[in-house]
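Q: Please examine one part of this structure closely and describe how its pieces are arranged and packed. Kindly state the cut-offs behind each term as it arises.

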Amino acid sequence: MTIEQIQVVDFISLKSERNEVVLTISDHLGWKENVNDHLLQLQEKLNTYIRFVESEEILKSYPDAEGRKIVFNVLGKHPLPKEAEQFYVECSQVLRELNIDLTFENVIEK
């Protein structure tokens, strides 16, 4: 599963030591082609994740998520350009209001 499958939650994991449930987005897309299209896809994917949490579907699918901190983690194949860094800052602020953390990890290219 990837960022291109907008209506799907890619991965869910529990981090017991941190009392977190981590919902991961797998983002293999590059940034050189069209930054705005990539950001729009990412925004739509994040909206899917928000709906999954706010509708409490997460608790129906993963009862162990009850009472845990929610983290959306994006695993990106490519480093973020400046526009994407700003997008993450703004999204992080909005998600914090929903008691959700947003993280990004560049897993391949450095």
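A: The account below takes up the sheet and then the helices that pack on it.

The model is predicted, so local features need pLDDT of at least 70 and side-chain atom pairs count only at pLDDT 80 or more, whereas totals for chains, interfaces and linings use all residues. Residues are numbered from 1 along each chain as its sequence is written, and side-chain values use heavy atoms, with hydrogens and water left out.

The sheet is open and is built from four strands in the order β1-β2-β3-β4, with mixed pairing. Strands here are DSSP runs of E with at least two residues, helices are DSSP runs of H or I with at least four residues, and both are numbered from the N terminus. Two strands count as paired if DSSP finds at least two bridges between them. Strands β1 (11–15) and β4 (100–106) stand at the edges, and because each has a single partner strand, one side of each is left without a neighbour in the sheet. From one strand to the next, the twist averages 25°; angles run from 0 to 180 degrees between N-to-C directions, and axes are lines fitted to C-alpha atoms, for helices over the stretch in contact.

In general, the strands of a sheet pair through backbone hydrogen bonds, either parallel or antiparallel. Here, β1 pairs with β2 (residues 20–27) in the antiparallel sense over five bridges. Within this pair, Phe11 stands opposite Thr24 of β2, and Lys15 stands opposite Glu20 of β2. The hairpin of β1 and β2 has four residues between the strands. Asn19 is found in this loop between β1 and β2 and has a positive phi of about 55°, although it is not a glycine. Asn19 counts as partly exposed because its relative accessibility is 39%, where buried means under 20% relative accessible area, exposed means over 50%, and partly exposed lies in between (1.4 Å probe, protein chains only).

On its other pairing, β2 runs parallel to β3, and eight bridges join the two. One of these bridges sets Val22 against its partner Val71 in β3. Strand β2 is mostly covered, with seven of its eight residues buried.

Two helices pack on this sheet. Helix α1 (residues 35–54) lies across β1, β2, β3 (69–76) and β4, and runs at about 155° to β2. Helix α3 (residues 82–97) touches β3 and β4, and its direction makes about 150° with that of β4. Between α3 and β4 lies the loop that holds Asn99. The phi of Asn99 is near 65°, a positive value in a residue other than glycine. Asn99 is exposed, with a relative accessible area of 53%.

How do the two helices meet? The axes of α1 and α3 come within 11 Å and cross at roughly 20°. That makes α1 roughly parallel to α3, since angles under 35 degrees count as roughly parallel, over 145 as roughly antiparallel, 65 to 115 as roughly perpendicular and the rest as oblique. The crossing of α1 past α3 is right-handed; a crossing is right-handed if the near helix is turned clockwise from the far one by less than a right angle, and left-handed if anticlockwise. With contact meaning heavy atoms within 4.5 Å, Val35, Leu39, Leu42, Gln43, Leu46 and Ile50 in α1 meet Glu83, Ala84, Phe87, Tyr88, Cys91 and Leu95 in α3. The residues of this contact divide into ten nonpolar, one polar and one charged. Ala, Val, Leu, Ile, Met, Phe, Trp, Tyr, Cys and Pro count as nonpolar, Asp, Glu, Lys and Arg as charged, and the others, Gly among them, as polar.

Two leucines of α1 show this packing residue by residue. Leu39, which is in helix α1, counts as buried because its relative accessibility is 11%. Beyond its neighbours within four places in sequence, Leu39 is in contact with Trp31, Glu83, Ala84 and Phe87. The C-alpha atoms of Leu39 and Phe87 are separated by 7.7 Å, although the two residues are 48 residues apart along the chain.

Leu46 is also found in helix α1 and counts as buried at 4% relative accessibility. Leaving aside neighbours within four places in sequence, the contacts of Leu46 are Ile25, Phe72, Phe87, Cys91 and Leu102. Gln7 lies 39 residues from Leu46 along the chain, and their C-alpha atoms are 9.7 Å apart.
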